[in-house]
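User: I should like a close examination of one part of this protein, followed by an account of how that part sits within the rest. Please treat the geometry in a formal and connected manner.

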Amino acid sequence: MSLDASIWAWRIQGVSAPQKLVLLSLADRANEKHICYPSMARIAADCCANERTIRRAIVALVDRGLIEAKKSSGMVTFYHLIGV
């Protein structure tokens, strides 16, 4: 867990509630480089939301430049928190 990432996520303004929850979920799992690898199902469970809502939130966060979502080898998606 990255305390810096959690503080950063709490301070982000102008995002919807699902987007904020996704940021907090990602921040809770971020390593010292602000990268994490949770599954879509894990994020959905953390946020008490369905996977479709989570996907929309992730797209919005990527569009705003707050996170990067990339596929690594083996088709695992990793998330990088930008600006922590």
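At what angle do the axes of helix α2 and helix α3 cross, and within what distance do they come?

Analyst: The model is a predicted one, and local features are reported for residues with a pLDDT of at least 70. The axes of helix α2, residues 17-29, and helix α3, residues 40-47, cross at roughly 115 degrees. These axes come within 9 Å. The handedness of the α2 and α3 crossing is right-handed.

On the α2 side, the residues that take part are L21, V22, S25, L26 and R29. Their counterparts in α3 are R42, I43, D46 and C47. By character, the residues of this contact divide into 5 nonpolar, 1 polar and 3 charged.

The segments that follow these two helices each contain a residue with a notable backbone angle. As a general matter, most residues other than glycine have a negative phi. H34, placed in the loop between α2 and β1, has a positive phi near 65 degrees although this residue is not a glycine. The relative accessibility of H34 is 16%, so this residue counts as buried; the cut-off for that class is under 20%. C48 lies in the loop between α3 and α4, the latter covering residues 51-63. Its phi is near 55 degrees, again a positive value in a residue other than glycine. C48 has a relative accessibility of 73% and therefore counts as exposed, the cut-off for that class being over 50%.

Turning to the chain as a whole, the protein has 4 helices and 3 strands. Read from the N terminus, the order of elements is α-α-β-α-α-β-β.

The strands form an open sheet in the order β1-β3-β2, with antiparallel pairing. Strands β1 (35-36) and β2 (67-71) stand at the edges, and each has a single partner strand, so one side of each is left without a neighbour in the sheet. Between β1 and β3 there are 2 bridges, and these strands run antiparallel. On this side of the sheet, C36 stands opposite Y79 in β3. Between β2 and β3, which covers residues 77-81, there are 5 bridges, and this pair also runs antiparallel. I67 has L81 in β3 as its bridge partner, A69 stands opposite Y79, and K71 stands opposite T77. Y79 thus stands opposite C36 and also opposite A69.

The strands β2 and β3 form a hairpin with 5 residues between them. In the turn, G74 has a positive phi of about 90 degrees. The two faces of β3 are set apart by their covering: T77, Y79 and L81 form the covered face, whereas F78 and H80 form the uncovered face.

A further relation involves the first helix, α1, at residues 3-11, where I7 is placed. With a relative accessible area of 35%, I7 is partly exposed. I7 and A27 are 20 residues apart in sequence, and their C-alpha atoms are 8.6 Å apart in space.

Finally, the overall dimensions give the setting for these local details. A compact globule of 84 residues would have a radius of gyration near 12 Å, and the protein has 11 Å, which agrees. The C-alpha trace spans about 30 × 25 × 20 Å along the principal axes. Of the 84 residues, 42% are buried. Among contacts with a separation of 6 or more, 49% come from residues 24 or more positions apart.

Definitions and conventions. Residues numbered from 1 in each chain as written. Predicted model: local features only at pLDDT ≥ 70, side-chain atom pairs only at ≥ 80, totals over all residues. Heavy atoms only, no water. Axes fitted to C-alpha atoms, helices over the stretch in contact; angles between N-to-C directions. Left-handed = near helix turned anticlockwise from the far one by under 90°. Contact = heavy atoms within 4.5 Å. Nonpolar A, V, L, I, M, F, W, Y, C, P; charged D, E, K, R; others polar. Pairing = 2+ DSSP bridges. Buried < 20%, exposed > 50% of the residue type's maximum accessible area, 1.4 Å probe, protein only. Rg over C-alpha atoms; globule rule 2.2 N^0.38 Å.
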